[in-house]
Amino acid sequence: TEEDECLILATDGLWDVVSNDLACEVAHKYLAKRYKSDYTSSVHKDTPAAEVAALLTKLALSRGSQDNISVVVV
């Protein structure tokens with residue numbers, strides 16, 4: 001819908017340790033901060049979606065996920 005900011009596709013490695021609500025909150029806050037910042041594109045090597053995917057992967061790892069972790073944000 002027009003309200004949706006992104007779509008998070010991920011394996012159980014994420015969803016076993018991160019709730020849907022938390023994943024959406026992390027994505028929303030990061031994207032809002034990123035788009036409000038004055039950083040130029042040269043500062044960030046990846047797209048905002050790729051940065052959110054990496055952040056969610058790190059979150060799953062920090063929470064001790066024992067499963068394969070794959071995250072794609074569109």
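This passage walks through the fold, the salt bridges, the surface patches and a few spatial neighbours of the chain.

The structure is a predicted model, so everything below is read off predicted coordinates. The protein chain has three helices and two strands, and along the sequence these come in the order β-α-α-α-β. Of its 74 residues, 26% count as buried. Strand 1 covers residues 8-10, helix 2 runs over residues 20-36, helix 3 takes in residues 48-62, and strand 2 spans residues 71-73.

Salt bridges come next. The count comes to two. One of them sits within a single helix: the side chains of Glu-25 and Lys-29 meet with an N to O distance of 3.0 Å. Both residues belong to helix 2, where they are four residues apart, or about one turn of the helix. How open to the surface are they? Glu-25 has a relative accessible area of 39%, so it falls into the partly exposed class. Lys-29 comes out at 52%, which puts it among the exposed residues, the cut-off for that class being over 50%.

The other salt bridge pairs Arg-34 with Glu-51, and here the closest N and O atoms are 2.6 Å apart. Because Arg-34 is in helix 2 and Glu-51 is in helix 3, this pair ties together parts of the chain that are 17 residues apart in sequence. Are these two residues buried or exposed? Both are buried. Arg-34 has a relative accessibility of 15% and Glu-51 a relative accessible area of 13%, so each falls under the 20% limit for buried residues. The same two side chains are also joined by a polar contact, again at 2.6 Å. Put side by side, the Glu-25 and Lys-29 bridge stays inside helix 2, whereas the Arg-34 and Glu-51 bridge links helix 2 with helix 3.

On to the surface. A nonpolar patch of about 370 Å² is made by Leu-7, Leu-9, Val-72 and Val-74. Val-72 belongs to strand 2. With a relative accessible area of 45%, Val-72 is partly exposed, and that value clears the cut-off of over 30% that patch residues have to meet.

There is a charged patch on the surface too. Which residues gather in it? Glu-2, Glu-3, Asp-4 and Glu-5 do, and the charge of the patch is negative. Glu-2 has its place in the segment before strand 1. At 82% relative accessibility, Glu-2 counts as exposed.

Two further residues of helix 2 help to place that helix against other parts of the chain. Leu-22 is found in helix 2 and is partly exposed, with a relative accessibility of 22%. That value lies between the 20% limit for buried residues and the 50% limit for exposed ones. The C-alpha atom of Leu-22 is separated by 9.7 Å from that of Leu-56, although the two residues are 34 apart along the chain. Cys-24 lies in helix 2 as well, and it is partly exposed, with a relative accessible area of 46%. What is the C-alpha to C-alpha distance between Cys-24 and Leu-7? It is 9.0 Å, for two residues that are 17 apart in sequence. Leu-7 has already come up, as one of the residues of the nonpolar patch.

Taken together, helix 2 turns up in several of these features. It holds both Glu-25 and Lys-29, it provides Arg-34, and it also carries Leu-22 and Cys-24. Helix 3 enters through Glu-51, and strand 2 through Val-72.

Definitions and conventions: Residues numbered from 1 in each chain as written. Predicted model: local features only at pLDDT ≥ 70, side-chain atom pairs only at ≥ 80, totals over all residues. Heavy atoms only, no water. Patch = residues over 30% accessible without salt bridge, like charges linked within 9 Å, V, L, I, M, F, W, Y side chains within 5 Å. Areas by Shrake-Rupley, 256 points an atom, 1.4 Å probe, with all protein chains shown as cover. Salt bridge = Lys/Arg side-chain N within 4 Å of Asp/Glu carboxyl O. Buried < 20%, exposed > 50% of the residue type's maximum accessible area, 1.4 Å probe, protein only. Lys, Arg positive; Asp, Glu negative; His and termini not counted. Charge placed at Lys NZ, Arg CZ, Asp CG, Glu CD. Polar contact = N/O pair within 3.5 Å; in protein donor to acceptor, adjacent residues only side chain to side chain.
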